[in-house]
Amino acid sequence: MDIDIAIIGSGFGGLGAAIQLRRKGFTEFLIFDQADDIGGTWRDNTYPGCACDVTSNLYSFSFALNPGWTETFSGHREIWRYLAGCVDRFGLRPHLRLGHEIQEAAWDGYQRKWLLTTNRGTFKARILIAATGPLSQPSIPDIPGLKSFNGKVFHSAQWDHGHDLTGRDVAVIGTGASAVQFVPRIQPRVNRLRLFQRTPGWCVPQVTRKRTRAEHWLSTHVPGWLRLNRTLLYWSYESMGVGFMYPRINRIAQRVAERNLRRQVPDPRLRAKLKPNYTLGCKRVLRSNAYWPAVTQPNVDLITSGIKEIRPQGILDADGTEHPVDTIILGTGFHVTDSPVTQRILGRDHLKLSEAWTPTMRAYRGTTVSGFPNLFFLLGPNTGLGHTSVVIMLESQLKQVIRTLEHMRRNGMETVEPTAEAQRRDSAEVDRKMDGTVWTAGGCHSWYLDSTGRNSTLWPGFATTFRLRLQTFRPNDYLFQKEDSRELAKR
Ligand SMILES: Cc1cc2nc3c(=O)[nH]c(=O)nc-3n(C[C@H](O)[C@H](O)[C@H](O)COP(=O)(O)OP(=O)(O)OC[C@H]3O[C@@H](n4cnc5c(N)ncnc54)[C@H](O)[C@@H]3O)c2cc1C
């Protein structure tokens, strides 16, 4: 089947792209998702306590504000309902192709089309928008003996709700953003909780509460109130970005977390194990009022020596102690800098995106890649954030995509890709800005860094700087091919 635009992914990225394309008159598109439902992150992550950690009114589309949020930081179900509501509100259902896994997307330079192989047949598309998510492929650690374990094992993004944890001996491997949300929820139910921590994280207080009736009333009855609230939230989150760019400032914020730790963890030995030795922000900042208190409970053991191997009945730590458990929950994060989907995208001369991104991911403005015509990658390299909502970044990228497509439509261009020089220049500027930020100078090794030690995931600045940067469209930075020409040319 021949289509104009193929979108891979039905999370915030894919749905946002579809909404904006329709608005601008690009109506011939399909949204493919390997799963049988829409929602991406918010369909897959259903663990107890799963919620956004950026306020809902900012962690949503600016063009689809939601007066109905019931909580300040909404749970996964409510966010999923919001996305499903967007599908209906913007008439996207007929465009959905769920249960369609893209097994390969290969650029055919002769036809000037992307050839998509799915588990349900093949498709051809002029434009490919990959919204496959930076945190969508669970990372399963390669721990010796994991396969020999006799009990239940699952990743936090594939929570097994049929497996009742009441009275069980549970091991949690990993203490990142997901574990911080589910540990306080499961701790009261389990018999023993063994928490395997590699590196501790800074945890700052977060006020999660129901929105008041007054807030609901204002949101629904006072025109502009919701937008004003979002604007205030936008700038208050943006102001927190300063500390990430100038780590000295984050050391001040760190004192709040230190005070929190002292108050919530009275035992000095436990406190020492939980206290990070790097600057706040270097690794993802954890937000919870309940995590550290949960770790102090008598049925919790914090194990920091490392894991030597997993045995059929338990976990052997590096000190030689075996911890008997019947359930292992992997809070071990995602493939971020080595996403398997990049092995399935083949550009000019059949170059795999994974190869183009070895040893490090680079793109022009985080969105287009030299050698990959008519491909737009949402939340691509250096578009993540440590301090505010990535939906802001997505929306900036979408504006860039639409501008490029409009330019092509106006000028009869059939293909587009950034020049190698523009990509190199753009990427060098990102690296320059990254220098001296908390991610490079904060004294930690985080999942933001790839195997070369380069931070290829985060944007080293304010979301506003990214927005401004993407507001300009520079035709000279691209190579275009006219509909009737076989030559690559600027403009
Ligand atoms: C638990 C959790 C909490 C988070 N909280 C926040 C937060 O508070 N604030 C924030 O800014 N960010 C947060 N994030 C980051 C989050 O990933 C992004 O905010 C956002 O949801 C990404 O949307 P996306 O559409 O790009 O990707 P996703 O939502 O991951 O969607 C990608 C989609 O692509 C599909 N897909 C992938 N490969 C294929 C294929 N080969 N064929 C077909 N379909 C495919 C997947 O099935 C999936 O549906 C959180 C992430 C997690 C995991």
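A cavity is a set of points, on a 1 Å grid over the protein atoms alone, where a 1.4 Å probe fits but cannot get out; lining residues have an atom within 4 Å of a point. The model shown in these views is predicted, so local features need pLDDT of at least 70 and side-chain atom pairs count only at 80 or more, while totals for chains, interfaces and linings use all residues. Residues are numbered from 1 along each chain as its sequence is written, and side-chain values use heavy atoms, with hydrogens and water left out.

**View 1. The second largest cavity and its nine-part wall, from Thr175 to Trp292.** The volume of this cavity is about 40 Å³, where volume means the space filled by probe spheres set on the points, with grid points joined across faces, edges and corners. To find the wall, look for Thr175, Gln197, Pro200, Gly201 and Cys203, together with Leu274, Leu286, Tyr291 and Trp292. Six of these lining residues are nonpolar, three are polar and none is charged. Here Ala, Val, Leu, Ile, Met, Phe, Trp, Tyr, Cys and Pro count as nonpolar, Asp, Glu, Lys and Arg as charged, and the others, Gly among them, as polar.

**View 2. The largest cavity, with a volume of about 80 Å³.** Fourteen residues line this cavity, and Ala363, Gly366, Pro381, Asn382 and Val430 are the closest to its centre. Helix 13 (420–434) and helix 15 (463–471) each give at least two residues to the lining; helix 13 has the largest share, with three. Helices (H or I, at least four residues) and strands (E, at least two) are DSSP runs, numbered from the N terminus. By class, the lining holds six nonpolar, three polar and five charged residues. In total, the model has two cavities of 30 Å³ or more.

**View 3. The ligand and the 35 residues around it.** Gly13, Asp33, Thr41, Asp53 and Tyr59 come nearest (a residue counts as near if one of its heavy atoms lies within 4 Å). Helix 1 (12–23) and helix 2 (41–44) each supply at least two residues of this shell, and the largest share, three residues, is from helix 2. The shell is made up of 15 nonpolar, 15 polar and five charged residues.

**View 4. Polar contacts of the ligand with Thr41, Arg43 and Val390 (pairs of N or O atoms within 3.5 Å).** At Thr41, a polar backbone atom is 2.8 Å from a ligand oxygen. At Arg43, the partner of a ligand oxygen is a side-chain N or O atom, 3.0 Å away. At Val390, a ligand oxygen and a polar backbone atom are 2.8 Å apart. On its own the ligand has 1,000 Å² of accessible area (Shrake-Rupley method, 1.4 Å probe), and the protein covers 95% of that.

**View 5. Backbone details at Asp349 and Pro359.** Most residues other than glycine have a negative phi, and most peptide bonds are trans. Asp349 has a positive phi, near 55°, and sits in the loop between strand 17 (345–346) and helix 11. From Thr358 to Pro359 the peptide bond is cis, with omega near 5°. Pro359 belongs to the loop that joins helix 11 (353–356) and strand 18 (375–377).

**View 6. The whole chain, with 15 helices and 20 strands.** The radius of gyration, taken over C-alpha atoms, is 23 Å, close to the 23 Å that the globule rule (2.2 Å times the number of residues to the power 0.38) gives for 491 residues, so the chain is as compact as a globular protein of that length. Along the principal axes, its C-alpha atoms fill a box of roughly 75 × 55 × 45 Å.

How values were computed. A polar contact is a pair of N or O atoms within 3.5 Å; within protein, one must be able to donate a hydrogen and the other to accept it, and residues adjacent in sequence count only if both atoms are side-chain atoms. On a 1 Å grid over the protein atoms alone, a cavity is a set of points where a 1.4 Å probe fits but cannot get out, and a pocket is an open set with protein on both sides within 12 Å along at least five of seven lines; lining residues have an atom within 4 Å of a point.
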